[in-house]
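Visitor: I should like to examine one part of this protein closely. Please begin with a single element and then place it among its surroundings.

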Amino acid sequence: MPEKKSVLCVVGTRPEAIKMAPVILAMKNEPWAQVRVLATAQHRNMLDQVLNFFGIKPDIDLDIMLPNQALTTLTGRLLLEVNQILEKENPDVTLVQGDTTTVMTVALACFYHHIPVGHVEAGLRTWNMHNPFPEEANRVIAGKLAHWHFAPTEGSRQNLLREGVADRNLLVTGNTVIDALLMAAARELRIGIDIDARKRLVLVTSHRRENFGAPLREICRALRTLATANPEVQFLYPVHPNPNVRDVAHELLGGCPNIRLCDPLDYAPFVAAMKQAYLIISDSGGVQEEAPALGKPVLVLRDETERPEAVDQGVVKLVGPNHDRIVSEAQRLLDDEQAYRAMARGISPYGDGRASGRIIKALREHFA
């Protein structure tokens, strides 16, 4: 048998781990590939629980996370650490996913070492370098440096073509988040929090850096208005541990009887919460992709999105961190069954659960 090719798969945060897990698991079944998993642990605990859920153990763990780490410091430390790993591992290909600081620095380090990079979930763009920050810059840089671009949608492919990426290096695969979601949803999952199944549940997530400060206060004020006006509706808000989020959420929402603030949910309980939710209000990118596949309407707490497909399909709506828009759109979905059904159609513009197979096939045809 020919010598196996070394494939280094990198994960740093929970979303990366969720979206890379199907690729890693499928790649491990490939006889031509020697898979190594590098965890930067940009987000420590939230990464570990996802890897445990999918039964993935990192071969290398940088444990890079520090409390309140600045982006410049994180980038510098990551670049030095990854450089050492690449000198030792010298992989034939490195796979990264998404738009984190981990992705950008690994792509840059691989470029310096002439190691080809495959970018999973390539081509998402808002065309605003400051929103989302720093993710738009991270994925643009990774896109300039990657060799293979695994775009989740045709729209993402078109974005990369606009930037001059050669069509021969582009492949529309669907998003691996749907692969992971279907793998998880097939299991029996529990939220693990006492929720009254007889009441409608509004699931909330908000943690993005660009919403820190006044925007998050506006979001919390809207949630309180909705909770007060709808005492028969339950609100569940898993609160990110960052003090910029945690302190504001507990200050403005603590003590509201039908708002349940809790620690961040692990991946499996969060999928269970999405399945049980009537409506989801979120600034998360992953939720915009997952919830439509579960038939859940999403109000997005951002003014722009790099995932326009679900907006175009009418199953996701941008409301921004704006009190009046959040309240009016959420109340409409709570009151108007026809409006609700129009958004809760259970379509999945981001994939059919076979994205990882398409990525593996492309690499197999190149290397095997």
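Visitor: Which residues of strand 6 point one way and which the other way, and are they buried or exposed?

Guide: The model is a predicted one, in which local features need pLDDT of at least 70 and side-chain atom pairs count only at pLDDT 80 or more, while totals for chains, interfaces and linings use all residues. Numbering starts from 1 along each chain as its sequence is written, and side-chain values use heavy atoms, with hydrogens and water left out.

In strand 6, W148 and F150 point one way, whereas H149 and A151 point the other way. All of these residues are buried (under 20% relative accessible area, with exposed over 50% and partly exposed in between; 1.4 Å probe, protein chains only). Strand 6 covers residues 148-151 (strands are DSSP runs of E, at least two residues, and helices runs of H or I, at least four, numbered from the N terminus).

Strand 6 has a parallel partner in strand 5, with three bridges between them (pairing requires at least two DSSP bridges). Across this pairing, W148 of strand 6 has G118 opposite it. The two strands are also linked by helix 5, and strand 5, helix 5 and strand 6 together make a β-α-β unit that is right-handed (with the strands pointing away from the viewer, the path from the first strand over the helix to the second runs clockwise).

Helix 5, residues 135-145, has its own buried set, namely E136, N138, R139, V140, A142 and G143. Among the elements that cover these residues are strand 5 (117-120) and strand 6 itself, together with helix 4 (101-112) (contact is heavy atoms within 4.5 Å).

Strand 6 is also joined to strand 7, residues 170-172, by three bridges, and these two strands run parallel. Here A151 of strand 6 is placed opposite V172 of strand 7. Between the two strands the chain passes through helix 6, residues 154-162, in a β-α-β crossover that is right-handed.

A related arrangement appears earlier in the chain. Strand 1 (residues 5-11) runs parallel to strand 2, and seven bridges join them. S6 is opposite Q34 of strand 2 in this pairing. From strand 1 the chain travels through helix 1, residues 14-27, to strand 2, and this β-α-β crossover is right-handed. Strand 2, residues 33-39, is mostly covered, with five of its seven residues buried. Strand 2 further pairs with strand 3 (residues 60-61) in the parallel sense, over two bridges, and A39 has D61 of strand 3 as its bridge partner.

Later in the chain there is an open sheet of six strands, ordered 10-9-8-11-12-13, and the pairing is parallel. Its edges are strand 10 (259-262) and strand 13 (316-318), each of which pairs on one side only. Within this sheet, three bridges connect strand 8 (residues 201-205) with strand 9 (residues 234-238) in the parallel sense, and V202 has F235 of strand 9 as its bridge partner.

To return to the part requested, strand 6 pairs with strand 5 and is joined to strand 7, and its residues W148, H149, F150 and A151 are all buried.
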